[in-house]
Each structure stands twice: as C-alpha cells, then as structure tokens.
Amino acid sequence: MKLIDNNNSKYTRFSVKSFNRRQWAGFFVVLGSLFLVILALVGTFMPEQSYAIDYNHKYAAPSLSYLFGTDELGRDMFYRTLKGLALSIKIGLMAAFVSSCIALVLGTLSAVFGGKVDSCILWLIDLCLGIPHIILILMISVSLGGGEIGVTIGVIATHWAHLTRLMRAEIMQLRNQPYVHVARGYGHSYFTIGRKHFIPHVLPQYIIGLVLLLPHAILHEAGITFLGYGLPLDVPAIGIILSESMKHISVGMWWLGFFPGLLLMIIVLIFDRVGTALREILDPMRSQK
Amino acid sequence: MLEVSNLEFSYDDGSPILKDISFSISKGERVALLGPSGYGKSTLGKIIAGHMNPDKGTVLLNNQKLSKYKGYKPIQLIYQHAEKALNNRWKIKDSLYEAWDIPVELLERMGINQSWLDRWPNELSGGQLQRISVLRALSPKTQLLIADEITASLDTITQAQLWNVVGDVLDTNNTSLLMITHNESLAKRICSRIIQIESLCTCT
Amino acid sequence: MGELLRIEHLSVTFSMYRDIFSRVESKGIEDLSISLYSGEILAIVGASGSGKSLLAHAIMDLLPYNAIVRGDFYYQGEYVDGRRLERLRGTELSLIPQSITYLDPTMKVGKQVIQEQFEMDQCKSIFAKLDLAEHVISLYPFQLSGGMARRVLVSTALISNASVIVADEPTPGMSVTDAVETLQMLRQIANEGKGCILITHDLDLAIEVADRVAVMYDGRIIDIVPASNFKRGVLTHPYTNALYRALPQNDFKSYTADEVESFLRKGGNQHVGSE
C-alpha cells in the first residue's frame, strides 16, 4: 500500500495536462483584452447615424435587424449600448490609471519616508475608505458640475486608497530585505536600487492592482450616472440608458434594460477575470501552483 | 582600525538588546564574537556594517564614519542565509557582478562553476549560493568582513572548504574579520581573539 | 529492539514554474528507505537543502501544497494506508516544535499541552517527569524562561504517549549547556522504549547523542552508521569519513570538489547493503 495514494488524496491538488494553469491564464488574458479593445475601438469610432433617431421604428422588439431592439425615439439599442460601454471603458481606464499613479507615488513616499509622512498618508487612506464611495463620488461630481470631468475626478479621488496601502506594504517589506541592504553596501544609489530591485518587484502588483481597479471604476461611473449625478442626458452612457429603461420596464419593454445591463455585467466580469488571471501569472506567491 | 564605542540598541517595543558595547579590531586581525542566540550578535553585526542604526554610540573605521565612504563600502556583511542576500528574480551572474568586477581567477578559487552563472538562485544549493554571497563581499576594497554564521547551515565539508578560501583571500588583502558564531571549535580554528558575547552584554 | 517505523521508497517531488509559462518537477527526496527502532535516537544529518527537513515534514504531513509524496509506510511491521496514517499522526507520531513561536501567545500553557483531548492529570505527570513545576500550567508562553519553554515544547509531543517523536532542528543557536539539556530529554524519551528522529545539521551534536547517524546528501540517504563508529574511526563510507574529518575540532581538512565527488561515487548508497 502507498504512503499516499496519489490519485485519491489531498496531495493531488493539480494534474499535469497539456496546458498548465498559467498557460490557460495567459490565453484568457489575451482573449479578454482583445475583446475589450475591439469593443472600445468600435464604440469610439462608430458613426453617430448608427444610433440616430428614427421614428419609423419606435419600440421595436429585438430582432435580426435590431439585435437589442429600439427605444421610444427609434434609436438602435445595440449601437447605443456599444457607444455607452466604450465611453465607460474610456472613463474607467482614465480614472484607474490616474488613481493607480497616485497610489504608486503616495505608497512609495509613505514607505520610504515613514514617520510623519507615513501617518499623514495613512490618515488620508482611512479618511477615504471611511466614507461610502458612492456618496463621495456623488459629492465631488456634483460640486464639479457633473459631466465627464466631474465623474472621472470623483472616481479617481475614491479609488487610490486600497492600492496605496498595498504599494506601501510591498515597498516597506522590500526595504528591509537583506539583498537591498547589501546592494547599498556595494555603493549603489537609492535610484539604482529602486530601478533594479524595487520596480521589477512592485510592477506586477501594480499592474494587477490597476486592472482590478477597472471594474470598480466602471461600475461606479455607471452607478453615479444612473442616479442622475454623472454624465448629462444627451450622452449615450450606460447609466443613462439604464435609467431611461426604468420608465419603460412596466409596459413590458424589457429589452431596453436587459441587454445593456447584461453587457455591462459581462464587461465588468471580463475585466475582473483578466485581473485575476494576470495575478495567476505574475504573482510570485501563487507561482508554484 | 575599527573602533566601536558605547553602542546601545533597543527593539521597537523598548526592550534593550545591546547596552554600552565597546571594542576594537586592528588591521588584519581575526576576531570571533561567540555566544548563543538572543544576545544580539546579529544586530551588532548589522549595526557595524551600517545596515541598521544604533540608538546611541559610534562605529568608526579609521576614525571615519562608514557613511563618509563613497562607493563600495570597506565594511561588508555576509548573512547566514545566502538565499535572502540574493534577489531571487536575478540570475546568479547579475547578482555576482552587482558587487564588483570579480576576476575569473577568483571565481575558480572560490569553487564557483561557470555554469552556475546563468542559473536562478532557486536552482543552486545553500552551499553554492553562500559561495556567491561570500565572493561578493571579498573585494580588495573590503577592510573588515563581518561573517554572521555564514556556514551554520552548511555541511562540515563545505564549511571547511569555504573558510579555507576565505582565510586565503583575507590574508592576501590583509582584511580584518569579525566572525559571529556559536561554534567554539570553528571560532578557535579561524580567529586569533575570541570575544564572549555574554561578557559584552549586561542584559539577556 | 523492535522496529517501530519503516519507510520504503519515499520520494518527494515539487512542481514549480521555471519561468512564466513552463512548469518543471524538482526532486526533493528520491527513493529513500529508513527504519526506526524502539529505544533509539536516529539522527538525520545533512546540509540545508539535502532533504532532511523534507523527510520530517513528509512524516508529519507538513509539506506545502505543491509537494507530491510517494512511498510505502509500515508501522510496527504493518502496512499503513493514507487514512490510517492520518490517524497515526495524532496518536503515535508526534513532532517537537522548533520554537516557542509555535505556541499560541494568548492561551495558558497547560491548555495548549492538553489540546482539548487529554486530561490535566496527564499534563501534570508529564511536567513532573520533565522537572517542570506544576504552576507552569497556568503561565502564558511569554512568561516562560528559555529552559521552561524547551520543556513545554517537549511535553506537547509527549502527552499523546506517541511512540515516534520527531525533533526538527531542536538546538540551533542554543548555548552548549542548553543544547545538552534538550538532548538529554530526548535520551530519556528513547530510554522509555520510544523512537526519536533527530533532524540536525550539527554532526558533532548527532555523534554525541544519537545511536545511529544517517547522512543525507542531495535527497538520498547515502550512509547509516552507529554513532560510536565516528569516535572509533571505523567509517567505511569515504564521504561520511570526510564529513567527520572536516569538523573544526578534528582536522578541519578542506577537500577539493573532485575529491568530494569521488567519495560520493566510491561510497554510493552504502546502507542498502548493510541493512
């Protein structure tokens, strides 16, 4: 009998197939990113006529010529949804990128200087995490007069905190590594050590954090617009589409809300999965699975 | 040459570990710091090498603070666990030449095989990694080498090999040695003077 | 002496990524066989990375998730399957933790020793046996002195009345007197008819306290010799002999890499024939 029966025990925590977990994850990252990029490009460069007002085809149910149906002005919901999602992705990318940059700078400052700087930044983090996001975004967005800029700044201002805390912890832990002390002893400057030891170590965490920020940013943008405090009504944003659909849902025009909502959910899920798959590939803590 | 005076150090929680420590090491001398763990031997080593700052007291090399020396520092510390002293995302050769321009002849003398250079740290054994780590600290510019239990987790054959070469290089460069260890027989083999850590420390 | 434990053809393999996408298997232990008899201390010596800790961890089921363990396991001459081995680990096999940090700092010592499955009376008798005062039962770990802590750690392994005790590097960094004290406790345990496996990188210590010494190199046991053979100078395996000669209190001889290789080649896996 075997010490451990290899086919029927908890030691069998993976099996060797033609594709290992990381290769699957890599495959998914490429596929998911490709889908999102195509969607964003199509949405951005789509001519405005494709969702123009057409009173001849009001309230059309989903069909082959109108995949997602039309609304009360006869606009093609499929193209409106694409346009709205592309806009959401654009705002999300912008917001996530800027807030991750803030996180990188503040996290590094906090870890390197310590002391008062550190306490101050930690206090800011707590302040930001202490207020419910949606309320903070709402206040910032309204006080900046709403619109694309208001929403983007609102989302930026609320999303840097988690990643800052992560960056701070990573850099603090790195700072006390023997190999960093030893490198100082060889006469290398902080700049060289930062470039050669710190950045390669922190970059994967940063990229994963950035990608995982995207779904949050997109949902918050859509949420605030849905509530009427975000993008103006004439913009085909996903939040506007969803809030308009609420008026028609009681008369049975389900497609106005269903398809845009579903697509929004799929996009957010893809972002989330791409982030998780990236972590599978880049995160050293999981690297042995 | 090395002058340590009135060194004091406490942990973050305030419990003292080093109290009023003073001693000196002269040029080319080999000194062992002997004693069990818990007396702050490693902390003392890190403070002398400038990897940590003391609460009080000074460390002077040729009447100068270590921070006054630019470039490759004349005091080098080797850690017990080589795998922590090498960045595990770097190939061996990158870690090796991060330190100084090591001549090929010295690689051979240290028993480092050319084929190791293109590998990753997790592909070499503890003894092989320690050879890399030791060689990084053995530049002609090194005036004092601090060896913190560098062979404590190695087998006795590797231990003897390693100290044999280190002793040679120390002689060639007239480098002083501060050896931190709990192994009395090893200390007696290598060093001419032994300091018992208990005699330095008033606290446990 | 009765055979307590026999492990045959044990191998431990790790699966890991060499770069981003390709996975390799690396061998930790390869085809290792060993027996433990009652009443003896069996020391396993080797450098870090030779696989000696993996052996202890494989016995006690402490390996990380990416390890694959294969091998046959016998307890008192009987085959043991995976499920029975799980049960044995709680009752018949026991590990002495390496340091006080393995104890829960917020829980009184006595409670941790009895682990919700034994009686306080048992704890008291174990403490008496190890010269520990009874009031230690109601102390917290941070209140223990170094000597007390070591006894408490040993008592956690003894309370289950296990017959196989595994001690993984119990002495690093200790002063000589403390180390001797800890090892005397092991001797006492062995004298009661139990078997001790002492994992250590300190050959000197192993020779002093153990009955047999197994030398590990690169995931294999290359030699098993009675500890007395070292002092009598009858070491047939050239590598074991070199290990002993290289001790600083002996010749402190520095062998060349080629010499060491030839020792390993000439000696082979000697214990296979001798047992």
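Trainee: Which strands and which helix of chain C each supply at least two residues of the lining of the largest cavity?

Mentor: Rolling a probe the size of a water molecule over the atoms shows where empty space is left. In this predicted model, the elements of chain C that each give at least two residues to the lining of the largest cavity are strand S1 (3-17), strand S2 (23-37), strand S3 (41-45) and helix H1 (52-60). S2(C) gives the most, with three residues, and the residues that line the cavity include Leu5(C), Ile34(C), Leu42(C), Leu55(C) and Ile197(C).

Trainee: What volume does the largest cavity have, and how do the residues of its lining divide into nonpolar, polar and charged?

Mentor: The volume of the largest cavity is about 50 Å³, and the count of cavities of 30 Å³ or more comes to four. Its lining divides into nine nonpolar residues, one polar and no charged.

Trainee: What is the order of the strands in the open sheet of four strands?

Mentor: A sheet is read by following which strand pairs with which. Here the order is S2-S1-S4-S5 in chain C, with antiparallel pairing, and the edge strands, S2 and strand S5 (78-79) of chain C, each pair on one side only. S1(C) and S2(C) run antiparallel and are joined by 11 bridges; Met16(C), for its part, stands opposite Val24(C) in S2(C). Helix H2 (residues 82-91) of chain C lies across strand S4 (67-75) and S5 of the chain, running at about 80° to S4(C).

Trainee: Why is one side of S6 and of S10 of chain C left without a neighbour in the sheet?

Mentor: The open sheet of six strands has the order S6-S7-S8-S3-S9-S10 in chain C, with mixed pairing. Strand S6 (93-96) and strand S10 (220-226) of chain C stand at the edges and each has a single partner strand, so one side of each lacks a neighbour in the sheet. On average, neighbouring strands of this sheet are turned by 20° against each other, direction ignored. Within the sheet, S3(C) and strand S9 (residues 212-217) of chain C run parallel and are joined by four bridges, and the bridge partner of Val45(C) in S9(C) is Val215(C). Helix H5 (residues 146-158) of chain C lies across S6 and strand S7 (164-168) of chain C, at about 170° to S6(C).

Trainee: Turning to open space, which residues are the closest to the centre of the second largest pocket?

Mentor: The second largest pocket has a volume of about 1,300 Å³, and of the 36 residues that line it, the closest to its centre are His181(A), Arg184(A), Tyr190(A), Gly50(B) and His51(B). The elements that give two or more residues to this lining include helix H7 (178-185) and helix H8 (190-226) of chain A together with helix H1 (41-48) and strand S4 (56-61) of chain B. The largest share, 10 residues, comes from H8(A), and the lining divides into 20 nonpolar, 11 polar and five charged residues.

Trainee: How many residues of chain B are in contact with chain C, and which residues of chain B lose the most area to chain C?

Mentor: An interface can be read by its contacts and by its buried area. Here 22 residues of chain B are in contact with 24 residues of chain C, and the two chains bury about 1,900 Å² between them, 56% of it on carbon and sulfur atoms. In chain B, Thr156(B), Ile157(B) and Arg189(B) lose the most area to chain C, together 30% of what that side buries.

Conventions:
Residues are numbered from 1 along each chain as its sequence is written. Chains are lettered from A and ligands numbered from 1 in the order in which they are written. This is a predicted model: local features need pLDDT of at least 70, side-chain atom pairs count only at pLDDT 80 or more; totals for chains, interfaces and linings use all residues. Side-chain values use heavy atoms; hydrogens and water are left out. On a 1 Å grid over the protein atoms alone, a cavity is a set of points where a 1.4 Å probe fits but cannot get out, and a pocket is an open set with protein on both sides within 12 Å along at least five of seven lines; lining residues have an atom within 4 Å of a point. Grid points are joined across faces, edges and corners, and a volume is the space filled by probe spheres set on the points. Ala, Val, Leu, Ile, Met, Phe, Trp, Tyr, Cys and Pro count as nonpolar, Asp, Glu, Lys and Arg as charged, and the others, Gly among them, as polar. Two strands pair if DSSP finds at least two bridges between them. Contact means heavy atoms within 4.5 Å. Axes are lines fitted to C-alpha atoms, for helices over the stretch in contact, and angles run from 0 to 180 degrees between N-to-C directions. Buried area is the accessible area (1.4 Å probe) that two parts lose on being put together, summed over both.
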